[in-house]
Amino acid sequence: MISRMITGWLALSLTTAALWAQATEFFPLELIKPGQTGVGKTIFEGNDIEEFQVEILGVLKDFGPKQSLILAKLSGEQVERTGVFGGMSGSPVYIEGRLAGAVAFSFAFSREPFAGITPIEEMVDIFKSKPPLRRSAGLSPSRLRDLQEGAAAAPGPPGERSEYQVKAAWRGLGLEGTLIPIATPISFSGFDPRALVPFQGSMRELGLTPVRGLNTNAFNDYPDRPLAPGSTVTVQLVRGDLDVSAAGTVTHISGDKIYAFGHPFLSVGETDMPLNQGAVVAVLSSLQSSNKVSATLKPVGSIRQDRSTGIYGLRDASPQMIPVSLKLETSRNDLAEYNYEIVDDAFLTPFMINLTVNNVIISSERSLGAQTLRVKCDIDLKGHPNVVYQSNISSLTSGPALAAVTLSSPVAVLLDAGFDELEIEKLNFEISSQEALKQAELIQVWQDRLEAEPGQEVNLTLFLRRQDGRVETEKHSVRIPEGLTAGPLKIAVGDGLSLSRSSSPGDGPDFIPRDLGQLVKAINNLKTNDRLYVRLFREQPGAVIGNQGMPALPPSMLALYKSRKTPDSVRSIDKVVYFEYELPERDYVLNGEKTVEVLIKK
């Protein structure tokens with residue numbers, strides 16, 4: 001009994017001591033008044049922390065839902081030159097030696113360095129509650145079909161995810177006198193500037209300002225400084241042969257806990273991204289918004305949460321990244337290899353795949369003119385078979401962008417499905433390029449007989465028109481399945497996308513998987529545009545229960561399954577597929593579908 005009382009007293013004492021220490025360390029918001037002065041800390045050059053002066057102008061109550069903002073004017077020789085600059089977000093402000101908050105907001109086009117300061121209590125308190133699990137999305141029925149059509153992962157942020165529009169909403173106001181989050185400079189090392197153009201709009205909407213950067217190995221001669229409030233930190237989204245890093249400033253360190261930015265980075269909630277120390281190469285002054293050009297230095301930990309009042313990280317934590325191996329066989333028969341890592345996130349991972357793949361192709365191959373790209377995505381999954389998907393792209397203007405979307409689409413589908421056991425161990429991408437259009441359209445199919453018996457062969461002649469107008473012919477034999485009943489039988493020949501579009505419910509990829517294994521199998525069974533498929537079917541009403549076809553049902557059962565009372569797991573179908581196989585793959589894009597009919601005799 002006594003031991004329990006002592007234990008409880010010690011726990012209460014430690015908690016009280018921690019709260020008292022925080023209370024004495026932080027300057028309370030309710031005591032902040034106009035006219036007070038203080039100092040801020042940040043880095044203007046290199047990795048040496050410098051001070052600037054702060055004058056409090058007032059407190060804006062309910063600036064956000066139950067959130068306040070401290071309005072202040074900054075001064076000092078460096079601030080007079082740069083103004084409030086991108087990458088300054090998180091710079092701590094002290095009043096009477098106690099931490100009051102983080103510089104986080106600014107006025108667009110302001111001629112004087114006015115800033116909004118996020119109160120430190122609000123910045124810390126938001127991270128006290130345990131966040132929910134990240135993987136909570138669900139795969140919609142159309143996602144696999146979107147994958148085949150190359151629309152599963154667009155370069156920009158998806159509109160249905162409001163959490164990625166937080167900063168976009170702020171920046172979209174565009175009103176004079178409006179406080180907006182300070183833009184976060186995001187630097188790119190190993191990137192061709194042309195590759196960033198399609199993504200600049202999306203990045204700016206998210207409050208990110210693209211700048212040229214320097215990777216981890218670029219500035220090893222900076223003095224080794226301890227991480228402290230005012231230090232520059234970079235959040236790495238990509239690291240390795242390619243580097244994408246966003247820069248900000250540390251606000252507060254408590255034990256192994258690191259608080260920075262003072263406003264959301266991307267507002268992705270629970271996350272896991274590398275956090276590194278950084279150095280400032282220069283602050284580029286601008287009338288619109290100055291920005292720091294930073295260098296990424298040694299790792300210090302990992303960001304674990306990204307919310308409305310800042311980011312929260314753990315010192316010495318190791319982030320889980322996804323390794324990427326990208327091999328490009330150029331149109332000049334050279335082999336270029338890239339090895340890097342990207343963040344593991346349902347939104348950011350496809351975005352970064354789009355960005356990096358587009359960059360690798362554009363930096364080596366043409367971006368305009370006739371081009372054919374053969375791409376293959378091989379995804380290593382823990383505890384499951386690999387996901388393998390390949391396709392051809394042949395275009396005059398958008399080959400690199402389409403190839404990037406094609407490679408990111410299977411990854412987006414997997415991440416969007418919401419299966420907790422999903423763990424991507426590695427992404428393997430292969431691309432081969434040719435400077436020519438390589439396309440063919442199926443324009444006609446001939447058959448050598450109109451009637452056949454089960455077990456007999458029907459010889460087909462396929463007519464393919466190439467992009468230069470030449471017509472090529474191919475011959476293939478189709479064996480009629482044994483045991484097939486008498487009646488008309490249709491034989492469809494077409495590329496994978498065309499046949500998928502004409503599939504009945506349950507025949508194609510338009511379904512919701514029950515588990516990750518079923519989703520992996522579905523992706524691996526997707527038809528592609530680099531080969532033709534032959535399908536034998538009859539137009540015969542039936543139903544799909546779950547994912548199993550039930551043809552030749554009695555009329556009464558069909559009527560029941562077509563009624564409004566039918567559960568979602570039961571769907572009616574209008575065709576029954578008896579047999580389907582694929583013809584050999586090609587090195588060009590195929591398009592078109594043709595159907596012939598054979599009468600099956602008894």
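## A buried lysine in a loop

K575 is placed in the loop that runs between strand β29 (570-573) and strand β30. In this model, which is a predicted one, K575 counts as buried because its relative accessible area is 12%, under the cut-off of 20%. Along the sequence, K575 and Q540 are separated by 35 residues, yet their C-alpha atoms lie 4.8 Å apart in space.

## A buried arginine in the following loop

Strand β30 (576-582) also borders another loop, which leads to β31 (589-591) and holds R586. R586 is likewise buried, with a relative accessible area of 12%. When its neighbours within four places in sequence are set aside, R586 is in contact with R374, N392, L464, E474, D530 and L532.

## The protein as a whole

The protein contains 602 residues, of which 53% count as buried, and its secondary structure is made up of 11 helices and 32 strands. Among the contacts with a separation of 6 or more, 72% are between residues that stand 24 or more positions apart in the sequence. The area that the protein exposes comes to about 26800 Å², and carbon and sulfur atoms supply 52% of this area.

## Helices α6 and α7

Two packed helices are described by the angle between their axes and by the distance between those axes. For helix α6 (residues 193-205) and helix α7, the axes come within 7 Å and cross at roughly 155°, and the two helices are therefore roughly antiparallel to each other. On the side of α6 the contact is made by R194, A195, L196, P198, F199, S202 and M203, while α7 contributes F351, N354, L355, N358, N359, I362 and S363. Sorted by class, this contact of α6 with α7 has 8 nonpolar, 5 polar and 1 charged residues.

## Helices α7 and α8

Helix α7 (residues 348-364) also packs with α8, and here the axes come within 8 Å and cross at roughly 155°. Since this angle is over 145°, α7 is roughly antiparallel to α8. The crossing in which α7 passes α8 is right-handed. The residues of α7 that make the contact are T349, P350, I353, N354, V357, N358, I361 and I362, and they meet P400, A401, A403, A404, V405, L407, S408, V411, A412 and L415 of α8. By class, the contact of α7 with α8 has 14 nonpolar and 4 polar residues, with no charged residues.

One residue of α7 can be followed in more detail, namely T349, whose place is in this helix. T349 is buried, with a relative accessible area of 0%. Not counting residues up to four places away in sequence, T349 touches I322, I342, V343, D344, V411 and L415. With V411, T349 forms a pair that is 62 residues apart in sequence and 7.9 Å apart in space, C-alpha to C-alpha.

## Helices α8 and α10

Helix α8 (residues 399-416) packs in turn with helix α10 (residues 516-524), at an angle of about 160° and with the two axes 11 Å apart. That angle makes α8 roughly antiparallel to α10, and the crossing of α8 and α10 is right-handed. Where these helices meet, P410, V413 and L414 belong to α8, whereas L516, L519 and I523 belong to α10. By class, the contact of α8 with α10 has 6 nonpolar residues, with no polar and no charged residues.

## Two residues with a positive phi

Most residues other than glycine have a negative phi. D62, a residue other than glycine, has a positive phi, with a value near 55°. D62 lies in strand β2 (residues 50-64), and D62 is exposed, with a relative accessible area of 62%.

N333 is not a glycine either, and its phi is positive at about 65°. N333 is found in the loop between β16 (321-329) and β17 (335-343). The relative accessible area of N333 is 65%, so this residue counts as exposed.

Key: Residues numbered from 1 in each chain as written. Predicted model: local features only at pLDDT ≥ 70, side-chain atom pairs only at ≥ 80, totals over all residues. Heavy atoms only, no water. Axes fitted to C-alpha atoms, helices over the stretch in contact; angles between N-to-C directions. Helix = DSSP H or I, 4+ residues; strand = E, 2+ residues; numbered from the N terminus. Parallel < 35°, antiparallel > 145°, perpendicular 65-115°, else oblique. Left-handed = near helix turned anticlockwise from the far one by under 90°. Contact = heavy atoms within 4.5 Å. Nonpolar A, V, L, I, M, F, W, Y, C, P; charged D, E, K, R; others polar. Buried < 20%, exposed > 50% of the residue type's maximum accessible area, 1.4 Å probe, protein only. Areas by Shrake-Rupley, 256 points an atom, 1.4 Å probe, with all protein chains shown as cover.
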